[in-house]
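Thank you for making time this morning. I would like to take you through one structure slowly, since many of you have not met it before, and I suggest that you keep it open while I talk.

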Amino acid sequence: MANKKILVSGIQASGKPHIGNYFGAMKQFVDLQDEHEARIFVANLHALTTVQNPEDLKQNSKDVVLDFLGIGLDPNKTTLFLQSDIPHVAELSWIFSCVTTMPYLMRAHAFKDSEAKNKEINVGVFNYPLLMSADILIHDADLVPVGKDQKQHVEIARDTAEKFNNAFGETFKLPGGLIMENMATVPGTDGQKMSKSYKNTIPLFATDEEIEKAVMSIVTDSSGGRPENVYAIHSLLKDKASLDALYEEKAGKYKDLKEALITDLKTFIGPMRERRAEWESKPEEVERIISEGGKKIRGVVHKKMIEVREKVGLIHHE
Ligand code: TYM
């Protein structure tokens, strides 16, 4: 345990996860949990930037914990916790906001996108990357599996570690090897990035009917030799050789290809959906897992925060 690399990542509690979240990030959590010390959390503080209904936020947070268990994260290997159970993270994020300039954060894509869409952005949206930096740096994380859309945020974490270390001395591990090479963008049913806000998702725990509906809605472009949007999603589930053979055999038969994708999605989602349902029937156990996870992480990060407080000159009392 002691010399395993530390893996940290989170998922926002802002609605149902989709297969883009899974193939972009969550699958890596499962694949890497044996070889790493994995710490995976529900980003409920981040979700507060958009979810402002307490019942929804609570329900979403519980759902994400079930999603983690459903995909096969093993609570005996991976520490699962809620971001809000680690108040040190919010404190660290404040400290980071004092070593970061406004013009620097204004370059963040997420901020620029929200600014382009909304007239009034809350300060939480603006500070979002610093809260994420705190999530990562407080652990001295070695690896942060995320999808491509979060790459800039991980780079901001690296810059923030550098700024802090320059100002106050070596404190945070520079998450240099943090950016995974195979970062991906999973396309949605319309070929754009799969995203809840584009309404082009295939939910990760979709029912069979939802799978059928989503696949049938995939936009097919008949100009090329094959339906690219169907193929792109299908390639997440099948190796290239058998996929190419199938698309060759069924060339031009878009309906057959969609049906094949439906079958493969059902085979892939079905067992995860069942495992999730099993956990759902044991709420006390899930509650125990998440509460113990938070307790464990509070213990781990406490020492780090004392060091940070000391470095910046905040007098510490136990
Ligand atoms: P979130 O909740 O928006 O997304 C969760 C993960 O899914 C990835 N993802 C995708 N990957 C590939 N293709 C797609 N179409 C796609 N859509 C989403 C995201 O890149 C992400 O990895 N800010 C983070 C949560 C967070 C976090 C952290 C992550 C908060 N603190 C610290 C890592 C470390 C977020 O909003 O992810």
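**A walk through the model**

Let me begin with strand β2, which covers residues 36-43 and is mostly covered, since eight of its eight residues are buried. Please keep in mind from here on that this is a predicted model.

As a general point, side chains in a regular strand alternate between the two faces of the sheet. In β2, H36, A38, I40 and V42 point one way, while E37, R39, F41 and A43 point the other way, and all of them are buried. The partner I want to show you is strand β1, residues 5-12, which runs parallel to β2 and is joined to it by eight bridges. To find the pairing on your screens, look for K5, which stands opposite H36 in β2.

F41 brings us to the inside of the model, because it is one of the residues that line the largest cavity. How many cavities of 30 Å³ or more are there? The count comes to one, and about 30 Å³ of space lies in the largest cavity. Along with F41, the lining is made up of F81, Q83, I86, V89, D135, I138 and H139, and these lining residues divide into five nonpolar, two polar and one charged.

I86, which belongs to that lining, also takes part in a long-range approach: its C-alpha is 9.5 Å from that of G299, although the two residues are 213 apart in sequence. G299 itself is found in helix α13, residues 283-312, and counts as exposed at 52% relative accessibility.

Let me turn now to the aromatic rings, of which the structure holds eleven pairs. In one of them, F23 and F268 have their centres 5.3 Å apart with 35° between the planes, an arrangement that is tilted. F23 lies in helix α1, residues 19-32, and F268 in helix α12, residues 254-280, so this pair ties together parts that are 245 residues apart in sequence. Are these two residues buried or exposed? Both F23 and F268 are buried.

A second pair is formed by F96 and F172, whose ring centres are 5.5 Å apart and whose planes stand at 70°, so the pair is edge-to-face. This pair, too, links distant parts of the chain, with F96 in helix α4, residues 87-97, and F172 in the loop between α8 (151-168) and α9 (208-216), 76 residues apart. Both F96 and F172 are buried, and ring pairs link them with F164 and F168 into a cluster.

Rings also meet charges in this model. The charged end of K163 sits over the ring of Y104, 3.4 Å from its centre, and the charged end of K282 sits over the ring of W279, 4.5 Å from its centre.

Finally, I would ask you to look at two backbone positions. D140, found in the loop between α7 (123-137) and α8, has a positive phi of about 50° although it is not a glycine. K199, which lies in the loop between α8 and α9, likewise has a positive phi, near 55°, in a residue other than glycine. K199 is exposed, with a relative accessible area of 76%.

That is where I will stop, and I am glad to go back to any of these places.

How values were computed:
Residues are numbered from 1 along each chain as its sequence is written. This is a predicted model: local features need pLDDT of at least 70, side-chain atom pairs count only at pLDDT 80 or more; totals for chains, interfaces and linings use all residues. Side-chain values use heavy atoms; hydrogens and water are left out. Rings of Phe, Tyr and Trp (its six-membered ring) pair if their centres lie within 6.5 Å; planes under 30 degrees apart count as stacked, over 60 as edge-to-face and the rest as tilted. Helices (H or I, at least four residues) and strands (E, at least two) are DSSP runs, numbered from the N terminus. Buried means under 20% relative accessible area, exposed over 50%, partly exposed in between (1.4 Å probe, protein chains only). A charge sits over a ring if NZ of Lys or CZ of Arg is within 6 Å of the ring centre and within 35 degrees of the ring normal. On a 1 Å grid over the protein atoms alone, a cavity is a set of points where a 1.4 Å probe fits but cannot get out, and a pocket is an open set with protein on both sides within 12 Å along at least five of seven lines; lining residues have an atom within 4 Å of a point. Grid points are joined across faces, edges and corners, and a volume is the space filled by probe spheres set on the points. Ala, Val, Leu, Ile, Met, Phe, Trp, Tyr, Cys and Pro count as nonpolar, Asp, Glu, Lys and Arg as charged, and the others, Gly among them, as polar. Two strands pair if DSSP finds at least two bridges between them.
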